[in-house]
Amino acid sequence: MIKKVLKYLGLALVALIAVLAVKTALYKAPNYAPTGRDDLATVNVNVERIVSNMGQAVTFETVAHHLADPLVEGQFLGFLEWIEATYPGVHAVMSREMANLTPIYRWEGKNQDAQPVLMTGHYDVVPAPDAERDRWEHAPFAGVTDAEFVWGRGTIDDKIGVVGLLEAAETLIAGGFQPERTIYFIFGHDEEIGGQKGAGTAVDMLAERGVQMEWSLDEGSMVLDDVLPGLPAPVASINVAEKGYVTLNITAKATGGHSSLPPADTAVGALAVAIERLMANPVPGGLTDASAEFFDSVAPEFGLAERVLFANQWLFRPVLEGILSGSGPTNAMLRTTTAPTMLQASLTENVLPTEAVAVVNFRIHPRDTVESIVAHVETVIDNPNVAVSLRGNPTHPSPVSSAQSEGFQLLAQATLGAFGDVILVPGLTVAGTDSKHFSKISDDSYRFNPMTFGPDDLSRIHGINERVSIADLERAVQFYAQIMMGVDG
Ligand SMILES: [Zn+2]
């Protein structure tokens with residue numbers, strides 16, 4: 001009897017291994033590389049000029065958080081004047097209007113019947129706090145250039161977008177080029193504080209005139225080199241969606257009183273339990289929709305062990321989701337994230353508070369909504385003495401743009417043209433960008449910066465020693481110029 005059972009078990013195991021092996025062997029990535037298109041035309045990039053101009057662009061301390069200070073506003077006005085002086089070709093050929101301190105440029109195309117496209121960047125930056133200045137290798141607003149990099153606040157985020165686009169257009173205009181389609185450019189001045197007055201106003205102005213873009217291109221991701229270990233080539237993540245944003249106040253109430261006679265239930269105790277429950281019960285998520293697209297397109301490139309797991313999600317999906325949820329960056333791609341950021345209770349050490357408040361920030365995956373997050377939080381906390389309320393205005397997650405459109409194909413082709421052999425994937429931007437505004441007037445919105453990022457570069461975004469490589473500056477101009485030349489009727 002036992003022998004018979006063992007025999008059947010053995011057969012079942014052999015069959016299972018066979019199924020896993022066949023599925024793994026047949027597992028292929030969806031191919032996002034463009035098919036049936038000629039190579040895009042290229043330009044001769046003036047590397048010396050882009051490097052020098054990027055260094056100068058950094059010296060304007062365009063810190064959006066301090067815009068109320070007239071001296072800081074002067075830096076913004078100075079930057080706009082500098083653009084005018086530095087890119088005369090652009091200003092001779094394109095029309096320009098202002099949305100507050102955000103310029104909107106219009107480069108008229110030959111084909112007036114074709115739908116226009118929108119290419120964007122933002123020139124405001126986050127602060128470089130005084131307390132951290134001595135940890136910068138080069139002063140954040142000095143615009144220092146060495147043999148390999150231009151250093152400084154805003155090089156990555158996002159003056160490379162603004163300067164790269166202007167360099168590409170200036171180069172093409174000098175050669176007498178006019179695009180087939182009308183191209184709009186918007187250079188936001190307040191992206192880092194929500195983009196309402198800049199991109200938001202610009203979008204309202206264009207929407208009022210009925211301008212609708214076929215696609216928009218904004219910052220959002222880059223070419224990731226070695227960021228996902230085990231891949232044979234860098235991954236170019238052209239992001240097709242962007243997470244939303246909601247912050248909740250979690251408020252626990254209690255009687256209060258003197259700390260010498262504490263009751264069993266205190267506001268701080270109830271709040272601590274609520275936070276503990278929230279962290280132990282993350283918002284459900286997994287390898288579906290926008291998250292699946294990204295991992296499905298990189299997974300076949302991994303080593304055998306990972307391939308077996310990804311190719312056999314019918315069996316291993318819970319295991320895989322467990323592994324991916326274990327690290328911050330991959331967890332953020334799978335689900336809405338939960339981040340407690342602020343706490344407030346009694347102001348005095350010997351007084352029990354009547355109220356204790358935690359502030360929790362959520363980045364909303366496109367599969368969720370503001371309402372579904374609030375419902376999840378209330379269900380998980382499950383305490384009538386703990387209230388949940390909205391703090392500020394939430395931003396809904398973006399629609400998911402097509403990874404099959406002409407626009408995506410063009411961006412993919414320009415990426416291959418500028419960066420060579422990379423794995424192309426449609427990704428998800430886990431932070432917020434001005435695309436939340438641009439998507440209102442664009443059929444599809446894409447988020448990608450032409451830059452290479454290694455594992456130690458992630459901390460430079462909004463961090464210390466922000467810098468961009470000279471090689472990437474050259475590639476950025478090539479990338480943008482190829483798109484401008486490739487946008488046909
Ligand atoms: Zn940015």
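1. Helix H9 (residues 304-311) and helix H10 (residues 313-325) pack against each other at an angle of about 120°, and their axes lie 7 Å apart. With that angle, H9 counts as oblique to H10. From H9, the residues Val-308, Leu-309, Phe-310 and Ala-311 take part in the contact, and they meet Gln-313, Phe-316, Leu-320, Ile-323 and Leu-324 of H10. Please keep in mind, here and in the points below, that this is a predicted model.

2. The zinc ion is coordinated by His-122 through NE2, by Asp-157 through an OD atom and by Glu-219 through two OE entries, at 1.8 to 2.5 Å. The angles among the 4 donor atoms run from 55 to 149°, and the site is irregular. It cannot be called tetrahedral, because that label would require all angles to lie between 85 and 135 degrees.

3. Along the sequence, the donor residues of the zinc ion follow the spacing H-x34-D-x61-E. Two of them link distant parts of the chain: Asp-157 belongs to helix H5 (residues 155-174), whereas Glu-219 sits in the loop between strand E6 (213-218) and strand E7 (223-224), 62 residues apart. Asp-157 is buried, with a relative accessible area of 9%, and Glu-219 is likewise buried, with a value of 7%.

4. The backbone at Asp-157 also deserves a look, since a cis peptide bond joins this residue to Asp-158, with omega about 0°. Asp-158, like its neighbour, has its place in helix H5, and Asp-157 is one of the residues that coordinate the zinc ion.

5. The count of salt bridges comes to 13. One of the pairs is formed by Glu-180 and Lys-110, whose closest N and O atoms are 3.8 Å apart. Glu-180 lies in the loop between H5 and strand E5 (183-188), and Lys-110 in the loop between strand E2 (102-107) and strand E3 (117-122), so this salt bridge ties together parts that are 70 residues apart in sequence. Glu-180 counts as partly exposed at 31% relative accessibility, while Lys-110, at 52%, counts as exposed.

6. A further salt bridge joins Lys-253 and Glu-355, with the closest N and O atoms 2.6 Å apart. This pair, too, links distant parts of the chain, since Lys-253 is in strand E9 (residues 244-253) and Glu-355 in strand E13 (residues 355-364), 102 residues apart. Glu-355 counts as partly exposed, its relative accessibility being 37%.

7. Arg-460 forms a salt bridge with Asp-456, and here the closest N and O atoms are 3.0 Å apart. The two partners fall into separate accessibility classes: Arg-460 counts as buried at 8% relative accessibility, whereas Asp-456 counts as partly exposed at 46%. The pair belongs to a network of salt bridges that links Asp-456, Asp-457 and Arg-460.

8. Two residues with positive phi values should be inspected in the backbone. Asp-382 has a positive phi of about 50° although it is not a glycine; this residue is found in the loop between helix H12 (370-381) and strand E14 (386-395), and it is exposed, with a relative accessible area of 59%. His-462, again a residue other than glycine, has a phi near 60°. His-462 lies in the loop between strand E17 (452-453) and strand E18 (467-469), and it is partly exposed, with a relative accessible area of 42%.

Notes: Residues are numbered from 1 along each chain as its sequence is written. This is a predicted model: local features need pLDDT of at least 70, side-chain atom pairs count only at pLDDT 80 or more; totals for chains, interfaces and linings use all residues. Side-chain values use heavy atoms; hydrogens and water are left out. Donors are N, O and S atoms within 2.8 Å of the metal (3.2 Å for Na, K and Ca); water is not among the atoms, so sites may look incomplete. Four donors count as tetrahedral if all angles lie between 85 and 135 degrees; four count as square planar and six as octahedral if opposite donors are over 155 degrees apart and all others between 65 and 115; anything else is irregular. Helices (H or I, at least four residues) and strands (E, at least two) are DSSP runs, numbered from the N terminus. Buried means under 20% relative accessible area, exposed over 50%, partly exposed in between (1.4 Å probe, protein chains only). A salt bridge is a side-chain nitrogen of Lys or Arg within 4 Å of a carboxyl oxygen of Asp or Glu. Axes are lines fitted to C-alpha atoms, for helices over the stretch in contact, and angles run from 0 to 180 degrees between N-to-C directions. Angles under 35 degrees count as roughly parallel, over 145 as roughly antiparallel, 65 to 115 as roughly perpendicular and the rest as oblique. Contact means heavy atoms within 4.5 Å.
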